[in-house]
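Colleague: Before the details are discussed, may I ask how one should read the packing of helices in a model of this kind? Please begin with the general idea and then turn to the case at hand.

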Amino acid sequence: MNYDVIIIGAGPGGIYSAYELKEKRPDLKVAVFDAGMELEKRKCPIDGDRIKTCIGCKSCSIMSGFGGAGAFSDGKYNITNDFGGTLFEHIGKTKAIELMEYVDHINMKNGGEGTKLYSTAGTQLKKICMQNKLKLLDASVRHLGTDINYVVLQNLYAFLKDTVDFFFMTAVTKIEAGEDGFKIFTADDVYTCKKCVVSVGRSGSKWMESVCEDLNIPAKSNRVDIGVRVELPSVIFSHLTDELYESKIVYRTEKFEDNVRTFCMNPHGIVVNENTNGIITVNGHSYESKDKQTDNTNFALLVAKHFSEPFKDSNGYGESIARLSNMLGGGVIVQRFGDLVRGRRSNEKRIAEGMVTPTLNATPGDLSLVLPKRILDGIMEMIYALDKIAPGTANDDTLLYGVEVKFYNMEVSVDENLETEYKGLYIIGDGSGVTHSLSHASASGVYVARRIAEDK
Ligand SMILES: Cc1cc2nc3c(=O)[nH]c(=O)nc-3n(C[C@H](O)[C@H](O)[C@H](O)COP(=O)(O)OP(=O)(O)OC[C@H]3O[C@@H](n4cnc5c(N)ncnc54)[C@H](O)[C@@H]3O)c2cc1C
(Lines give C-alpha, C1' and ligand atoms only; values in the text may rest on other atoms or scores of the structure.)
Protein backbone atom coordinates (compact mmCIF):
# COMPACT_ATOMS: atom_id res chain seq x y z
CA MET A 1 0.00 0.00 0.00
CA ASN A 2 3.03 2.30 0.35
CA TYR A 3 4.86 3.49 -2.74
CA ASP A 4 7.64 5.89 -3.58
CA VAL A 5 5.71 7.09 -6.63
CA ILE A 6 2.07 6.67 -7.60
CA ILE A 7 1.11 7.52 -11.17
CA ILE A 8 -2.59 8.16 -11.82
CA GLY A 9 -3.52 7.36 -15.43
CA ALA A 10 -1.94 4.83 -17.80
CA GLY A 11 -2.10 6.97 -20.94
CA PRO A 12 1.09 8.08 -22.72
CA GLY A 13 1.91 10.58 -19.93
CA GLY A 14 1.70 7.89 -17.23
CA ILE A 15 3.35 5.15 -19.29
CA TYR A 16 6.45 7.17 -20.23
CA SER A 17 6.75 8.41 -16.62
CA ALA A 18 6.78 4.80 -15.43
CA TYR A 19 9.19 3.79 -18.22
CA GLU A 20 11.69 6.52 -17.41
CA LEU A 21 11.48 5.89 -13.67
CA LYS A 22 12.27 2.21 -14.27
CA GLU A 23 15.19 3.19 -16.52
CA LYS A 24 16.65 5.82 -14.19
CA ARG A 25 15.60 4.61 -10.73
CA PRO A 26 14.76 0.90 -10.71
CA ASP A 27 15.05 1.01 -6.91
CA LEU A 28 11.84 3.08 -6.57
CA LYS A 29 8.56 1.32 -5.80
CA VAL A 30 6.08 2.54 -8.41
CA ALA A 31 2.33 1.94 -8.89
CA VAL A 32 0.07 2.98 -11.76
CA PHE A 33 -3.71 3.31 -11.32
CA ASP A 34 -6.12 3.50 -14.23
CA ALA A 35 -9.90 3.75 -14.35
CA GLY A 36 -9.93 1.58 -17.51
CA MET A 37 -8.86 -1.89 -18.49
CA GLU A 38 -5.57 -3.45 -19.52
CA LEU A 39 -4.81 -3.19 -23.24
CA GLU A 40 -5.93 -6.65 -24.37
CA LYS A 41 -9.34 -6.28 -22.70
CA ARG A 42 -10.13 -2.91 -24.28
CA LYS A 43 -12.82 -3.32 -26.94
CA CYS A 44 -15.45 -0.80 -28.01
CA PRO A 45 -18.76 -2.71 -28.55
CA ILE A 46 -19.85 -0.45 -31.46
CA ASP A 47 -19.57 -2.68 -34.54
CA GLY A 48 -21.69 -0.51 -36.86
CA ASP A 49 -24.00 -3.47 -37.33
CA ARG A 50 -25.52 -4.97 -34.15
CA ILE A 51 -24.45 -2.04 -31.94
CA LYS A 52 -24.45 1.25 -33.82
CA THR A 53 -24.14 3.87 -31.11
CA CYS A 54 -22.56 4.29 -27.72
CA ILE A 55 -24.12 2.14 -24.98
CA GLY A 56 -22.25 3.92 -22.19
CA CYS A 57 -19.89 1.17 -20.96
CA LYS A 58 -18.69 1.45 -17.35
CA SER A 59 -15.25 2.22 -18.73
CA CYS A 60 -14.98 3.61 -22.29
CA SER A 61 -12.48 1.39 -24.11
CA ILE A 62 -11.65 4.12 -26.61
CA MET A 63 -10.60 6.66 -23.98
CA SER A 64 -9.55 4.63 -20.94
CA GLY A 65 -7.15 1.88 -19.96
CA PHE A 66 -3.52 1.06 -20.71
CA GLY A 67 -2.49 3.37 -23.57
CA GLY A 68 -5.12 5.98 -22.60
CA ALA A 69 -6.90 7.87 -25.37
CA GLY A 70 -3.94 7.11 -27.62
CA ALA A 71 -4.34 3.31 -27.67
CA PHE A 72 -6.46 3.11 -30.83
CA SER A 73 -5.27 6.41 -32.23
CA ASP A 74 -3.45 6.84 -35.48
CA GLY A 75 -0.20 6.90 -33.53
CA LYS A 76 0.99 10.14 -35.11
CA TYR A 77 3.80 11.46 -32.96
CA ASN A 78 4.35 15.07 -34.06
CA ILE A 79 7.76 16.35 -33.03
CA THR A 80 7.20 20.08 -32.93
CA ASN A 81 6.61 23.07 -30.66
CA ASP A 82 4.21 24.59 -33.23
CA PHE A 83 1.19 22.57 -32.10
CA GLY A 84 0.18 19.72 -29.81
CA GLY A 85 0.63 21.67 -26.59
CA THR A 86 2.57 24.37 -24.81
CA LEU A 87 5.04 22.17 -22.94
CA PHE A 88 7.86 24.42 -24.19
CA GLU A 89 6.46 27.32 -22.16
CA HIS A 90 7.36 25.38 -19.01
CA ILE A 91 10.51 23.49 -19.96
CA GLY A 92 11.92 25.42 -22.93
CA LYS A 93 11.79 24.69 -26.67
CA THR A 94 15.06 22.78 -26.96
CA LYS A 95 14.29 20.47 -24.02
CA ALA A 96 10.76 19.83 -25.33
CA ILE A 97 12.04 18.75 -28.76
CA GLU A 98 14.84 16.67 -27.20
CA LEU A 99 12.30 14.77 -25.07
CA MET A 100 9.92 14.22 -28.01
CA GLU A 101 12.85 12.77 -29.95
CA TYR A 102 13.72 10.57 -26.97
CA VAL A 103 10.12 9.26 -26.91
CA ASP A 104 10.45 8.51 -30.62
CA HIS A 105 13.63 6.57 -29.85
CA ILE A 106 11.77 4.49 -27.19
CA ASN A 107 8.98 3.80 -29.68
CA MET A 108 11.50 2.65 -32.29
CA LYS A 109 13.09 0.27 -29.75
CA ASN A 110 9.70 -1.19 -28.89
CA GLY A 111 8.25 -2.20 -32.23
CA GLY A 112 8.12 1.06 -34.16
CA GLU A 113 11.29 0.48 -36.20
CA GLY A 114 10.63 0.62 -39.93
CA THR A 115 7.85 3.22 -39.66
CA LYS A 116 8.36 6.45 -41.55
CA LEU A 117 9.38 9.83 -40.16
CA TYR A 118 7.97 12.61 -42.36
CA SER A 119 9.15 16.22 -42.27
CA THR A 120 8.17 19.65 -43.58
CA ALA A 121 11.85 20.68 -43.79
CA GLY A 122 12.66 21.98 -47.26
CA THR A 123 9.28 21.20 -48.77
CA GLN A 124 8.04 23.14 -51.83
CA LEU A 125 4.51 22.75 -50.51
CA LYS A 126 5.13 25.54 -48.02
CA LYS A 127 5.50 28.05 -50.85
CA ILE A 128 2.42 26.71 -52.68
CA CYS A 129 0.39 27.05 -49.47
CA MET A 130 1.64 30.58 -48.90
CA GLN A 131 0.73 31.59 -52.47
CA ASN A 132 -2.83 30.55 -51.65
CA LYS A 133 -3.13 32.31 -48.27
CA LEU A 134 -2.51 29.08 -46.37
CA LYS A 135 0.18 28.55 -43.75
CA LEU A 136 1.86 25.16 -43.46
CA LEU A 137 3.18 24.61 -39.91
CA ASP A 138 6.61 23.05 -39.32
CA ALA A 139 6.82 19.52 -37.91
CA SER A 140 8.36 16.11 -38.14
CA VAL A 141 5.78 13.38 -37.79
CA ARG A 142 6.32 9.73 -37.00
CA HIS A 143 3.34 7.74 -38.21
CA LEU A 144 3.12 4.48 -36.27
CA GLY A 145 -0.41 3.69 -37.44
CA THR A 146 -3.07 2.18 -35.20
CA ASP A 147 -1.63 -1.33 -35.62
CA ILE A 148 2.05 -0.60 -34.81
CA ASN A 149 1.03 1.84 -32.06
CA TYR A 150 -0.73 -1.14 -30.43
CA VAL A 151 2.38 -3.31 -30.73
CA VAL A 152 4.53 -0.59 -29.11
CA LEU A 153 2.06 -0.39 -26.22
CA GLN A 154 2.11 -4.19 -25.80
CA ASN A 155 5.92 -4.11 -25.62
CA LEU A 156 5.99 -1.22 -23.15
CA TYR A 157 3.53 -3.08 -20.92
CA ALA A 158 5.66 -6.23 -21.11
CA PHE A 159 8.70 -4.15 -20.05
CA LEU A 160 6.87 -2.56 -17.09
CA LYS A 161 4.48 -5.14 -15.73
CA ASP A 162 6.92 -7.18 -13.60
CA THR A 163 8.42 -4.24 -11.76
CA VAL A 164 5.55 -1.73 -11.63
CA ASP A 165 2.26 -2.50 -9.80
CA PHE A 166 -0.65 -1.85 -12.17
CA PHE A 167 -4.17 -1.39 -10.82
CA PHE A 168 -6.72 -1.45 -13.65
CA MET A 169 -10.42 -0.62 -13.33
CA THR A 170 -9.37 1.36 -10.27
CA ALA A 171 -10.31 5.01 -10.46
CA VAL A 172 -8.63 7.26 -7.95
CA THR A 173 -11.35 9.19 -6.15
CA LYS A 174 -9.33 11.61 -4.03
CA ILE A 175 -5.81 12.87 -3.31
CA GLU A 176 -4.96 14.09 0.16
CA ALA A 177 -1.74 16.03 0.76
CA GLY A 178 0.11 15.26 4.01
CA GLU A 179 3.36 16.18 5.73
CA ASP A 180 5.63 13.79 3.86
CA GLY A 181 3.62 12.68 0.90
CA PHE A 182 0.13 11.91 -0.35
CA LYS A 183 -2.80 9.64 0.42
CA ILE A 184 -4.41 8.21 -2.70
CA PHE A 185 -8.02 7.05 -2.28
CA THR A 186 -9.84 4.52 -4.44
CA ALA A 187 -13.37 3.17 -3.87
CA ASP A 188 -12.02 0.34 -1.68
CA ASP A 189 -8.55 1.27 -0.40
CA VAL A 190 -6.13 3.98 0.58
CA TYR A 191 -2.52 4.04 -0.65
CA THR A 192 0.34 6.33 0.26
CA CYS A 193 3.23 7.71 -1.76
CA LYS A 194 6.03 10.22 -1.45
CA LYS A 195 5.47 11.60 -4.96
CA CYS A 196 2.40 11.56 -7.13
CA VAL A 197 2.15 12.07 -10.89
CA VAL A 198 -1.36 12.87 -12.13
CA SER A 199 -1.87 12.12 -15.84
CA VAL A 200 -5.60 11.62 -16.26
CA GLY A 201 -6.08 13.04 -19.77
CA ARG A 202 -9.35 14.24 -21.27
CA SER A 203 -11.47 11.52 -19.72
CA GLY A 204 -10.29 12.62 -16.26
CA SER A 205 -11.00 16.31 -16.86
CA LYS A 206 -13.97 16.60 -14.48
CA TRP A 207 -12.13 14.69 -11.77
CA MET A 208 -9.03 16.87 -12.30
CA GLU A 209 -11.18 19.95 -11.68
CA SER A 210 -12.39 18.45 -8.40
CA VAL A 211 -8.77 17.75 -7.33
CA CYS A 212 -7.86 21.38 -8.04
CA GLU A 213 -10.85 22.57 -6.03
CA ASP A 214 -10.08 20.23 -3.07
CA LEU A 215 -6.41 21.18 -2.94
CA ASN A 216 -6.88 24.81 -3.92
CA ILE A 217 -4.68 24.53 -6.99
CA PRO A 218 -5.37 27.42 -9.39
CA ALA A 219 -6.68 26.47 -12.86
CA LYS A 220 -7.94 28.59 -15.73
CA SER A 221 -10.34 27.88 -18.58
CA ASN A 222 -8.92 26.72 -21.88
CA ARG A 223 -10.22 26.87 -25.46
CA VAL A 224 -12.49 24.47 -27.32
CA ASP A 225 -12.06 23.59 -31.02
CA ILE A 226 -15.21 23.00 -33.05
CA GLY A 227 -15.59 21.84 -36.63
CA VAL A 228 -16.12 18.93 -38.99
CA ARG A 229 -14.21 15.93 -40.32
CA VAL A 230 -13.70 16.00 -44.07
CA GLU A 231 -13.52 12.76 -46.06
CA LEU A 232 -12.52 12.64 -49.71
CA PRO A 233 -10.76 10.35 -52.20
CA SER A 234 -7.15 9.92 -51.08
CA VAL A 235 -5.79 10.90 -54.54
CA ILE A 236 -6.96 14.49 -54.00
CA PHE A 237 -4.51 14.98 -51.14
CA SER A 238 -1.88 12.44 -52.19
CA HIS A 239 0.77 15.03 -53.19
CA LEU A 240 0.61 16.39 -49.62
CA THR A 241 0.17 13.14 -47.70
CA ASP A 242 2.81 11.20 -49.67
CA GLU A 243 5.43 13.79 -48.78
CA LEU A 244 4.31 15.03 -45.35
CA TYR A 245 1.80 12.41 -44.20
CA GLU A 246 0.06 14.99 -42.03
CA SER A 247 -0.04 18.64 -43.04
CA LYS A 248 -1.12 21.15 -40.43
CA ILE A 249 -2.42 24.06 -42.46
CA VAL A 250 -3.88 27.29 -41.08
CA TYR A 251 -6.17 29.65 -43.01
CA ARG A 252 -7.29 33.09 -41.86
CA THR A 253 -10.84 33.69 -43.08
CA GLU A 254 -11.64 36.83 -45.03
CA LYS A 255 -15.10 37.28 -43.53
CA PHE A 256 -14.34 37.16 -39.79
CA GLU A 257 -10.54 36.91 -39.68
CA ASP A 258 -10.86 33.66 -37.73
CA ASN A 259 -8.22 30.94 -37.98
CA VAL A 260 -9.38 27.61 -39.39
CA ARG A 261 -6.87 24.75 -39.30
CA THR A 262 -6.53 21.21 -40.50
CA PHE A 263 -6.09 18.65 -37.76
CA CYS A 264 -5.36 14.91 -37.54
CA MET A 265 -4.97 13.99 -41.19
CA ASN A 266 -5.40 10.29 -41.96
CA PRO A 267 -4.36 9.21 -45.47
CA HIS A 268 -6.20 6.01 -46.50
CA GLY A 269 -7.87 6.12 -43.09
CA ILE A 270 -11.28 5.64 -41.54
CA VAL A 271 -13.64 8.02 -39.76
CA VAL A 272 -14.71 6.88 -36.28
CA ASN A 273 -17.05 7.84 -33.45
CA GLU A 274 -15.55 9.30 -30.29
CA ASN A 275 -17.31 9.30 -26.94
CA THR A 276 -16.45 12.02 -24.44
CA ASN A 277 -18.52 11.77 -21.27
CA GLY A 278 -21.44 10.28 -23.22
CA ILE A 279 -21.36 12.80 -26.08
CA ILE A 280 -20.68 11.32 -29.50
CA THR A 281 -18.33 13.28 -31.72
CA VAL A 282 -16.23 12.29 -34.70
CA ASN A 283 -12.54 11.47 -35.11
CA GLY A 284 -10.36 9.51 -37.52
CA HIS A 285 -7.36 7.22 -37.76
CA SER A 286 -5.50 5.03 -40.21
CA TYR A 287 -3.47 1.85 -40.29
CA GLU A 288 0.14 1.37 -41.31
CA SER A 289 -0.65 -2.04 -42.77
CA LYS A 290 -1.73 -1.75 -46.46
CA ASP A 291 -4.50 -4.35 -46.22
CA LYS A 292 -6.39 -2.24 -43.68
CA GLN A 293 -6.14 0.98 -45.68
CA THR A 294 -9.09 2.59 -47.52
CA ASP A 295 -9.33 4.71 -50.69
CA ASN A 296 -10.20 7.79 -48.64
CA THR A 297 -8.31 10.42 -46.70
CA ASN A 298 -9.87 12.24 -43.76
CA PHE A 299 -8.92 15.27 -41.69
CA ALA A 300 -10.62 17.72 -39.37
CA LEU A 301 -11.22 21.41 -40.01
CA LEU A 302 -11.42 23.21 -36.69
CA VAL A 303 -12.06 26.70 -35.37
CA ALA A 304 -10.87 27.58 -31.84
CA LYS A 305 -13.21 29.36 -29.41
CA HIS A 306 -12.11 30.67 -26.03
CA PHE A 307 -14.60 32.23 -23.64
CA SER A 308 -13.52 34.23 -20.62
CA GLU A 309 -16.02 36.82 -19.28
CA PRO A 310 -18.82 36.53 -18.17
CA PHE A 311 -19.15 33.02 -19.68
CA LYS A 312 -16.06 30.90 -19.00
CA ASP A 313 -17.13 27.39 -19.91
CA SER A 314 -15.58 26.89 -23.37
CA ASN A 315 -16.01 23.10 -23.08
CA GLY A 316 -19.67 23.52 -22.10
CA TYR A 317 -20.21 25.51 -25.31
CA GLY A 318 -18.60 22.72 -27.39
CA GLU A 319 -20.62 20.08 -25.52
CA SER A 320 -23.91 21.88 -26.28
CA ILE A 321 -23.13 21.95 -29.99
CA ALA A 322 -22.18 18.26 -29.96
CA ARG A 323 -25.37 17.42 -28.01
CA LEU A 324 -27.42 19.26 -30.66
CA SER A 325 -25.88 17.13 -33.40
CA ASN A 326 -26.54 13.99 -31.31
CA MET A 327 -30.17 15.11 -30.83
CA LEU A 328 -30.72 15.62 -34.57
CA GLY A 329 -28.70 12.69 -35.86
CA GLY A 330 -28.75 10.20 -32.97
CA GLY A 331 -24.96 10.48 -33.16
CA VAL A 332 -22.71 11.85 -35.85
CA ILE A 333 -24.26 13.61 -38.89
CA VAL A 334 -22.81 13.32 -42.42
CA GLN A 335 -23.45 15.75 -45.26
CA ARG A 336 -22.14 16.12 -48.82
CA PHE A 337 -20.39 19.45 -49.36
CA GLY A 338 -22.62 20.04 -52.42
CA ASP A 339 -25.74 19.63 -50.28
CA LEU A 340 -24.40 22.01 -47.66
CA VAL A 341 -23.68 24.65 -50.31
CA ARG A 342 -27.19 24.21 -51.78
CA GLY A 343 -28.78 24.53 -48.33
CA ARG A 344 -30.36 21.07 -48.25
CA ARG A 345 -29.86 18.04 -46.02
CA SER A 346 -28.13 14.98 -47.40
CA ASN A 347 -29.98 11.71 -47.72
CA GLU A 348 -28.85 8.09 -48.09
CA LYS A 349 -29.55 8.04 -51.84
CA ARG A 350 -27.44 11.10 -52.71
CA ILE A 351 -24.58 9.85 -50.53
CA ALA A 352 -24.76 6.36 -52.09
CA GLU A 353 -24.64 7.90 -55.59
CA GLY A 354 -21.61 10.04 -54.71
CA MET A 355 -17.95 9.39 -55.49
CA VAL A 356 -16.91 9.03 -51.85
CA THR A 357 -17.90 5.87 -49.98
CA PRO A 358 -18.29 6.83 -46.32
CA THR A 359 -16.13 4.86 -43.90
CA LEU A 360 -18.38 5.70 -40.92
CA ASN A 361 -22.03 4.75 -40.71
CA ALA A 362 -23.39 8.22 -39.78
CA THR A 363 -26.84 9.80 -40.18
CA PRO A 364 -27.29 11.91 -43.35
CA GLY A 365 -28.39 15.37 -42.25
CA ASP A 366 -27.79 19.11 -42.36
CA LEU A 367 -24.79 20.52 -40.51
CA SER A 368 -26.04 24.10 -40.96
CA LEU A 369 -28.69 23.28 -38.32
CA VAL A 370 -25.95 22.41 -35.85
CA LEU A 371 -22.88 24.58 -36.34
CA PRO A 372 -22.94 28.33 -35.61
CA LYS A 373 -22.90 30.38 -38.83
CA ARG A 374 -19.53 31.95 -38.08
CA ILE A 375 -17.86 28.55 -37.68
CA LEU A 376 -19.59 27.04 -40.71
CA ASP A 377 -18.75 30.02 -42.93
CA GLY A 378 -15.10 29.71 -41.88
CA ILE A 379 -15.03 25.99 -42.68
CA MET A 380 -16.59 26.55 -46.11
CA GLU A 381 -14.09 29.33 -46.89
CA MET A 382 -11.24 27.03 -45.92
CA ILE A 383 -12.57 24.20 -48.12
CA TYR A 384 -12.47 26.57 -51.10
CA ALA A 385 -8.95 27.71 -50.10
CA LEU A 386 -7.76 24.08 -49.86
CA ASP A 387 -9.35 23.42 -53.25
CA LYS A 388 -6.67 25.70 -54.74
CA ILE A 389 -3.77 23.55 -53.48
CA ALA A 390 -5.65 20.23 -53.67
CA PRO A 391 -8.22 20.59 -56.49
CA GLY A 392 -11.26 18.45 -55.79
CA THR A 393 -11.49 19.31 -52.08
CA ALA A 394 -14.58 21.42 -52.80
CA ASN A 395 -16.26 18.73 -54.94
CA ASP A 396 -19.97 18.20 -54.29
CA ASP A 397 -19.33 14.64 -53.08
CA THR A 398 -16.76 15.55 -50.41
CA LEU A 399 -18.23 14.34 -47.13
CA LEU A 400 -18.38 16.40 -43.96
CA TYR A 401 -19.02 14.66 -40.65
CA GLY A 402 -20.08 16.64 -37.63
CA VAL A 403 -19.36 17.55 -35.21
CA GLU A 404 -15.73 17.21 -34.36
CA VAL A 405 -14.95 18.85 -31.04
CA LYS A 406 -11.57 19.00 -29.36
CA PHE A 407 -12.08 19.61 -25.69
CA TYR A 408 -9.17 20.95 -23.69
CA ASN A 409 -8.71 20.55 -19.98
CA MET A 410 -8.51 23.49 -17.62
CA GLU A 411 -4.93 24.75 -17.55
CA VAL A 412 -3.62 23.81 -14.14
CA SER A 413 -1.03 26.02 -12.49
CA VAL A 414 2.28 24.14 -12.54
CA ASP A 415 5.86 25.42 -12.44
CA GLU A 416 8.93 24.68 -14.58
CA ASN A 417 9.05 21.16 -13.05
CA LEU A 418 5.37 20.58 -13.95
CA GLU A 419 4.92 20.49 -10.18
CA THR A 420 2.06 22.12 -8.27
CA GLU A 421 2.54 24.25 -5.20
CA TYR A 422 2.48 20.92 -3.30
CA LYS A 423 6.03 19.59 -3.41
CA GLY A 424 5.97 16.16 -5.05
CA LEU A 425 2.58 16.54 -6.78
CA TYR A 426 3.10 16.71 -10.55
CA ILE A 427 0.33 17.24 -13.10
CA ILE A 428 1.19 16.26 -16.65
CA GLY A 429 -0.21 15.28 -20.04
CA ASP A 430 -3.56 16.39 -21.40
CA GLY A 431 -5.04 16.43 -17.88
CA SER A 432 -2.86 19.45 -17.08
CA GLY A 433 -4.14 21.45 -20.06
CA VAL A 434 -0.49 21.92 -21.03
CA THR A 435 -0.39 19.16 -23.65
CA HIS A 436 -2.88 17.83 -26.18
CA SER A 437 -0.99 15.26 -28.20
CA LEU A 438 0.79 11.94 -27.90
CA SER A 439 4.29 13.34 -28.21
CA HIS A 440 3.83 16.26 -25.80
CA ALA A 441 2.01 14.12 -23.21
CA SER A 442 4.70 11.41 -23.43
CA ALA A 443 7.51 13.98 -23.22
CA SER A 444 5.92 15.53 -20.12
CA GLY A 445 5.95 12.05 -18.55
CA VAL A 446 9.66 11.54 -19.22
CA TYR A 447 10.38 15.03 -17.92
CA VAL A 448 8.77 14.58 -14.48
CA ALA A 449 10.23 11.08 -14.13
CA ARG A 450 13.70 12.62 -14.53
CA ARG A 451 12.90 15.33 -11.97
CA ILE A 452 11.76 12.62 -9.54
CA ALA A 453 14.77 10.42 -10.33
CA GLU A 454 17.06 13.33 -9.54
CA ASP A 455 14.85 14.10 -6.52
CA LYS A 456 14.27 17.68 -7.68
C1 LIG B 1 -9.42 8.54 -31.46
C2 LIG B 1 -8.24 9.41 -31.06
C3 LIG B 1 -7.17 9.58 -31.95
C4 LIG B 1 -6.07 10.36 -31.59
N5 LIG B 1 -5.01 10.46 -32.44
C6 LIG B 1 -3.92 11.14 -32.10
C7 LIG B 1 -2.77 11.17 -32.93
O8 LIG B 1 -2.70 10.52 -33.97
N9 LIG B 1 -1.70 11.95 -32.55
C10 LIG B 1 -1.73 12.66 -31.38
O11 LIG B 1 -0.73 13.34 -31.09
N12 LIG B 1 -2.78 12.62 -30.54
C13 LIG B 1 -3.88 11.87 -30.87
N14 LIG B 1 -4.94 11.81 -30.01
C15 LIG B 1 -4.83 12.49 -28.71
C16 LIG B 1 -3.94 11.66 -27.77
O17 LIG B 1 -4.47 10.36 -27.67
C18 LIG B 1 -3.86 12.33 -26.40
O19 LIG B 1 -3.32 13.62 -26.57
C20 LIG B 1 -2.97 11.53 -25.42
O21 LIG B 1 -3.45 10.21 -25.29
C22 LIG B 1 -2.91 12.19 -24.06
O23 LIG B 1 -2.19 11.38 -23.18
P24 LIG B 1 -2.41 11.48 -21.58
O25 LIG B 1 -1.57 10.43 -20.98
O26 LIG B 1 -2.24 12.87 -21.16
O27 LIG B 1 -3.96 11.14 -21.35
P28 LIG B 1 -4.87 9.93 -21.81
O29 LIG B 1 -4.27 9.22 -22.96
O30 LIG B 1 -6.24 10.47 -21.95
O31 LIG B 1 -4.83 8.92 -20.58
C32 LIG B 1 -5.41 9.24 -19.34
C33 LIG B 1 -5.71 7.94 -18.58
O34 LIG B 1 -6.10 8.31 -17.26
C35 LIG B 1 -7.14 7.46 -16.82
N36 LIG B 1 -7.92 8.14 -15.77
C37 LIG B 1 -8.72 9.23 -15.89
N38 LIG B 1 -9.21 9.58 -14.69
C39 LIG B 1 -8.71 8.69 -13.80
C40 LIG B 1 -8.86 8.52 -12.38
N41 LIG B 1 -9.59 9.35 -11.63
N42 LIG B 1 -8.22 7.47 -11.79
C43 LIG B 1 -7.45 6.62 -12.53
N44 LIG B 1 -7.29 6.73 -13.86
C45 LIG B 1 -7.90 7.78 -14.49
C46 LIG B 1 -7.95 7.17 -18.07
O47 LIG B 1 -8.65 5.95 -17.93
C48 LIG B 1 -6.87 7.13 -19.16
O49 LIG B 1 -6.45 5.81 -19.44
C50 LIG B 1 -6.05 11.03 -30.33
C51 LIG B 1 -7.14 10.87 -29.44
C52 LIG B 1 -8.22 10.07 -29.79
C53 LIG B 1 -9.35 9.90 -28.80
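**Helix packing, sheet and ligand shell**

Modeller: In this predicted model, the axes of helix H3 (residues 93-112) and helix H5 (residues 145-160) approach within 8 Å and cross at roughly 95 degrees. As a general idea, a pair of packed helices is described by the angle between the axes and the distance between them. An angle of 65 to 115 degrees counts as roughly perpendicular, and H3 and H5 are therefore roughly perpendicular to each other.

Colleague: Which residues of H3 and H5 meet?

Modeller: From H3 come Asn 107, Asn 110, Gly 111 and Gly 112, and they meet Ile 148, Val 151, Val 152, Asn 155 and Leu 156 of H5. This contact divides into 4 nonpolar, 5 polar and no charged residues.

Colleague: At what angle do the axes of H3 and H12 cross?

Modeller: The axes of H3 and H12 cross at roughly 100 degrees and come within 9 Å. H3 and H12 are therefore roughly perpendicular to each other. On the H3 side the contact involves Ala 96, Leu 99, Met 100, Tyr 102 and Val 103, which meet Ser 439, Ser 442, Ala 443, Val 446 and Tyr 447 in H12. The residues of this contact divide into 8 nonpolar, 2 polar and no charged.

Colleague: How should a sheet be read, and in what order do the strands of the sheet with E3, E4 and E6 run?

Modeller: In general, strands of a sheet pair through backbone hydrogen bonds, in either a parallel or an antiparallel manner. Here 3 strands form an open sheet in the order E3-E6-E4, with antiparallel pairing. E3 and strand E4 (117-119) are the edge strands, each pairing on one side only. From one strand to the next, the twist averages 20 degrees.

Colleague: Over how many bridges do E4 and E6 pair?

Modeller: E4 and strand E6 (residues 140-143) pair in the antiparallel sense over 3 bridges. Ser 119 stands opposite Ser 140 in E6. H3 also belongs to this picture: the helix lies across E3 and E6 and runs at about 150 degrees to E3.

Colleague: Which residues come nearest to the ligand?

Modeller: There are 43 residues around the ligand, of which Gly 11, Gly 68, Gly 201, Gly 204 and Gly 429 come nearest. Two or more residues of the shell are contributed by each of helix H1 (12-24), strand E3 (76-79), strand E16 (279-285) and helix H12 (438-453). By class, the shell holds 13 nonpolar, 24 polar and 6 charged residues.

Colleague: Which backbone features deserve attention when the geometry is inspected?

Modeller: One is the cis peptide bond that joins Gly 402 and Val 403, with omega at about 0 degrees. Val 403 lies in strand E20 (residues 399-407). Another is Asn 216, which has a positive phi of about 60 degrees although it is not a glycine. Asn 216 lies in the loop between helix H6 (205-215) and strand E11 (219-220).

Colleague: How does the radius of gyration of the chain relate to that of a compact globule?

Modeller: A compact globule of 456 residues would have a radius of gyration near 23 Å, and the 22 Å of the chain agrees with this. The C-alpha trace spans about 65 × 45 × 45 Å along its principal axes. The chain contains 12 helices and 22 strands.

Note on methods: Residues numbered from 1 in each chain as written. Predicted model: local features only at pLDDT ≥ 70, side-chain atom pairs only at ≥ 80, totals over all residues. Near = placed C-beta within 6 Å. Helix = DSSP H or I, 4+ residues; strand = E, 2+ residues; numbered from the N terminus. Nonpolar A, V, L, I, M, F, W, Y, C, P; charged D, E, K, R; others polar. Pairing = 2+ DSSP bridges. Axes fitted to C-alpha atoms, helices over the stretch in contact; angles between N-to-C directions. Contact = placed C-beta atoms within 7 Å. Parallel < 35°, antiparallel > 145°, perpendicular 65-115°, else oblique. Rg over C-alpha atoms; globule rule 2.2 N^0.38 Å.
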